[in-house]
Number of protein chains: 2
Amino acid sequence: MQDCIFCRIGRGEVPSLMLHRDERCFVIRDIHPLAPTHLLIIPHLHLTGLNGLGAHGEQLFGHLMAVAGEMAGRERVAATGYRLVVNQGPDSGQAVTHAHIHLMGGKRLPELG
Amino acid sequence: MQDCIFCRIGRGEVPSLMLHRDERCFVIRDIHPLAPTHLLIIPHLHLTGLNGLGAHGEQLFGHLMAVAGEMAGRERVAATGYRLVVNQGPDSGQAVTHAHIHLMGGKRLPELG
């Protein structure tokens with residue numbers, strides 16, 4: 001998408017430190033971190049939601065989860081604990097409609113509700 | 001696992017209303033709901049974490065995400081918004097070590113931090 005900030009970062013149009021990059025996704029730090037470790041795992045593909053993912057989308061999300069697990073290890077929060085979050089739609093406070101996974105750790109995280 | 005509550009529910013040893021069941025996962029309501037919709041998407045496989053998922057684990061998690069998307073539609077929170085959460089380890093407050101995805105919606109959800 002022309003104007004999507006995550007698409008623009010993925011294309012290299014907006015400079016951003018990538019902690020990981022492969023053919024399907026990249027990982028950056030959230031610019032407004034809510035925990036000592038707060039990463040975003042972002043697919044290059046401009047997916048807007050989880051409905052009707054299909055086989056390709058399922059494989060992609062599985063890959064994103066595996067990358068999240070790897071990043072937790074690299075950030076040294078795998079043992080202390082971390083949280084993955086996918087926000088979808090208005091009630092979640094989703095800030096960018098391009099689907100992505102938050103990885104937060106490095107502190108005691110708040111209750112879910 | 002013999003004593004894991006999610007394994008026991010999956011095997012039918014602990015009666016529980018399943019909103020969805022297939023060969024790879026099942027979906028139940030959280031017994032302590034933190035939102036009007038609060039579901040748990042649970043793999044039959046007793047995975048404890050995201051590290052070293054491998055190809056099989058990636059496919060499984062991709063499937064769980066797709067099922068979560070379907071359930072959001074069935075619960076009528078796809079348009080209003082919802083949040084998926086995977087807790088891992090002490091800092092996250094993970095209550096059952098058998099990996100699972102929370103799906104929450106039906107109200108404005110709190111900030112992530």
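How many residue pairs are in polar contact across the interface of chain B and chain A? The rule finds 18 such pairs, both residues at pLDDT 80 or more; the legends below give the setting.

This is a predicted model, in which local features need pLDDT of at least 70, side-chain atom pairs count only at pLDDT 80 or more, and totals for chains, interfaces and linings use all residues. Residues are numbered from 1 along each chain as written, chains are lettered from A in the order written, and side-chain values use heavy atoms, without hydrogens and water.

**View 1. The two copies and their axis.** A turn of 180° with a shift of 0.0 Å along the axis lays chain B on chain A with an RMSD of 0.0 Å (least squares on C-alpha atoms of residues with pLDDT of at least 70 in both). The copies are thus related as by a two-fold rotation axis. In chain B, the residue closest to this axis is G62(B), whose C-alpha is at 2.0 Å.

**View 2. The interface of chain B and chain A.** Each chain brings 39 residues to the contact (heavy atoms within 4.5 Å). The copies meet through the same surface, because 100% of the interface residues of chain B are also interface residues in chain A. About 3400 Å² is buried between the chains, and carbon and sulfur atoms give 54% of this area (accessible area, 1.4 Å probe, lost on putting the two parts together and summed over both). A polar contact is a pair of N or O atoms within 3.5 Å; within protein, one must be able to donate a hydrogen and the other to accept it, and residues adjacent in sequence count only through side-chain atoms on both sides.

**View 3. Helix 2 of each chain.** Helix 2 of chain A, residues 54-74, has 21 residues and reaches 30 Å from first to last C-alpha, close to the 30 Å expected (1.5 Å times one less than the number of residues; helices are DSSP runs of H or I, at least four residues). Just after helix 2, R76(A) has a positive phi of about 60°. In chain B, R76(B) likewise follows helix 2 with a positive phi of about 60°.

Note on methods:
Helix = DSSP H or I, 4+ residues; strand = E, 2+ residues; numbered from the N terminus.
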